[in-house]
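Please open the model in your viewer and keep the sequence panel beside it, since each stop on this tour begins with a selection.

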Amino acid sequence: MDMSQYLEIFIDESKEHLQTMNEILLILEGDVENLSHLGEIFRIAHTLKGMSGTMGFTKVADLTHKMENVLDLVRNRVLKVDSTIVDILFECFDALEEYIENLEKTGKEGDLDSSELGKKLTLIAESKSTAGSTTKKSFIKKDEPVKETPSETKTETYEGEFHIPLNDIDSLIKKAFEMGVKPYLIKITLDNGCMLKAARAFIVFNTLERFGEILKSFPLAEEIEDERFDDSFEILYFSKLDEGYVHTELMRISELSSVIVKPLTEIEFAIEEKKEDVEVDLDQVEAKESELKSKEDNQNKGDKGKTSKTVRVEIGRLDNLMNLVSELIIIKTRLEDLDTTNHKSNDQGSKNNMNEAIEYLERITTSLHDAVMKVRMVPVERTFNRFPRLVRDLSKDLGKNIKLFMSGEETEVDRTVIDEIGDPLIHLIRNSLDHGIESPAEREKLGKEETGFVALRAYPDGNTVVIEVEDDGKGINPEVIKRKAIEKNIITKDEADTMSDKELINLLFKAGFSTVDKVTDLSGRGVGLDVVKSKIEAINGTVEVISVMGQGSKFVIRLPLTLAIIQALMVNLNQEKFAIPLNNIKEITTIETSKITMVQDQEVVLYRNKTLPIIRMKDVLDIEYDHEELSELIVVIVKKGDIEAGLVVDSLIGQQEIVIKSLGKYLTGIKAIAGATILGNGSVALIVDPNQLF
């Protein structure tokens, strides 16, 4: 049975469950007496155990099973919730999250070893107390050295008979050991209360086949599949792994009451089968080992994820989409009929009917575009939800009291935008916690409340979405930035003296720039805000900083609603057409050539009492001038934050809705070009990226 077809559903549902678990744990930490939500965590652990068990993901199933034991004691008030239990449950959440991330990337649970965490949970469940349980992180990667005591790999002894018929065992053992393969007989006994015996047996078979080859079973595989067996079954198994490792892997599977792994050299056997058959099977074992090694190598080289990106959509939105597609089919039929009529009769009435039909088609396509946009839209809540935990952990590490306030989580953004803003927001929140908010002692001296706050807000603004990260810390000192920038030779002293506070603050976005003298785990290497800026600009967004000394800072991010379809102004440069995104344009004007002057090798003009830099688009895009300079120039004024520039173009075509197409990997990084679009006549127009021109 191929379970990979269900992997995507499993990952989606697991992520939802883990998100809910994270939220409840944060509530529980704030009020350990409030057990109203604890039943929900128990339900999540129970659901994850069942789902992962069915899929054959033994590490997730084992950990959630042990969580369930502890949560059941808490739920029945046998065990009292304290900070130790909350911390251990957070550790479980982290481990489960990593397993799910690994499954999403590679289709496998990965090398994370959570056995120590499992021991902690078992100890708490058995002793019904958290005494002696430490809160130190207790799950590790398998590539880290782990000392195992002999008792941990010891298997059970078995004096009874195995029922699998064996033949030519001498030559089998000899051949197996020549190849470095170890033959085992394995006896599996299921729990008395096991409901789905065949499914549990399937998980056992699936687990074993990851490390070797199953040659026979008793009863036969078909009988096991049909549940025609009691509580136990036997397997003849070949693998290069030690018996202790095989035993440990099998014991990770829940609802097994005992697992016995015996090397074949230790038992009596009968002879029934032919040697050549066994040799063929051993060749299969060797091929299996080779295949497993190859898969492991591919995974180490950075195997691509096995799941595609998905979006959950309300059924109402899909119904609306279906209705619009139906209308599109109706208007297509109408246009075909009108086309036939026009061929027969060329009167004014037919032309009017055609124009009406085209207008109706335009309305439908606009509605269809809006509907598709809504299908792609997801609330920013899915990105915001990770931050309460981040603030909680970093506050503890920094020894600060910080509360996070979130609003506007229901604000919707295109799925592609959501995927890109997570990292920039993490950087900004870490920046606020580390650099912005003072320690409790400092805040007390300044007359502030001991507990600082970080506010994360999202709200729509026209055809953009605004996300703000604000703190009530010490703010940004432009003088400190000026001193550090001069020290690092980013600017000269003369340049620094002419810069405004806002321009100095914007130096924070320079690569490698940091105002911190001491490098810590959190900051001080000058990596962070430059990443924020480049990531946000890569999706045609902008970021600006508003700061008041002693009162705090606010980072304001503006993002486009979508990256797929945009409104653009089409312009001509010679005979070529270019598109300028409308959300970058402030206004269009004409400027007399005689009023343009040169300042520090840059053309500028005084426009509305402000100095406006003039950018000749033909120079930027290497287009030849085909006529003498005109006395009056058409200028498109574009903005980036509160900075403006005027782009000189030959003529305007008009506003148009365009679909952005990527230029492909060979043409990435071309200055001032964000992509291309295909026009109605089939020709290609390049899309100008004004952000790169400043």
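Begin with helix α9, in what is a predicted model, and show the elements that cover its buried residues, which include β3 (182–190), α7 (197–209), β5 (232–239) and β6 (256–263). Within the helix itself, which spans residues 243–251, select Gly244, Val246, His247, Glu249 and Leu250, which are buried. As you turn the helix, keep in mind that an α-helix has 3.6 residues a turn, so residues three or four places apart point the same way.

Next, select Phe205, Phe229 and Phe233, which together form one aromatic cluster. The structure holds 5 aromatic pairs, and one of them joins Phe229 to Phe233 in an edge-to-face arrangement, with 5.6 Å from centre to centre and 85 degrees between the planes. Are these two rings buried or exposed? Phe229 is buried at a relative accessible area of 8%, and Phe233 is buried as well, with a value of 1%.

From there, move to Phe405 and Phe453, another edge-to-face aromatic pair, whose centres are 6.0 Å apart and whose planes make an angle of 70 degrees. Phe405 belongs to strand β8 (residues 402–407) and Phe453 to strand β10 (residues 452–461), so this pair ties together parts that lie 48 residues apart in sequence. Here Phe405 is partly exposed, with a relative accessible area of 47%, and Phe453 also counts as partly exposed, at 26%.

Two further stops show a charged side chain placed over an aromatic ring. Select Arg75 together with Phe42, and you will find the charged end of the arginine over the phenylalanine ring, 3.7 Å from its centre. Then select Lys533 with Phe509, where the charged end of the lysine sits over the ring at 5.3 Å from the ring centre.

For the last stop, select Glu644, which is located in strand β21 (residues 643–649). What does the side chain of Glu644 make a polar contact with? The partner is the side chain of Lys586, at 2.7 Å. Glu644 has a relative accessibility of 18%, and it counts as buried because the cut-off is under 20%. To see what surrounds Glu644, leave aside its neighbours within four places in sequence and display the residues in contact with it, namely Lys586, Lys610, Leu612, Pro613, Ile637, Val638, Lys639 and Phe694.

Key. Residues are numbered from 1 along each chain as its sequence is written. This is a predicted model: local features need pLDDT of at least 70, side-chain atom pairs count only at pLDDT 80 or more; totals for chains, interfaces and linings use all residues. Side-chain values use heavy atoms; hydrogens and water are left out. Rings of Phe, Tyr and Trp (its six-membered ring) pair if their centres lie within 6.5 Å; planes under 30 degrees apart count as stacked, over 60 as edge-to-face and the rest as tilted. Buried means under 20% relative accessible area, exposed over 50%, partly exposed in between (1.4 Å probe, protein chains only). Helices (H or I, at least four residues) and strands (E, at least two) are DSSP runs, numbered from the N terminus. A charge sits over a ring if NZ of Lys or CZ of Arg is within 6 Å of the ring centre and within 35 degrees of the ring normal. A polar contact is a pair of N or O atoms within 3.5 Å; within protein, one must be able to donate a hydrogen and the other to accept it, and residues adjacent in sequence count only if both atoms are side-chain atoms. Contact means heavy atoms within 4.5 Å.
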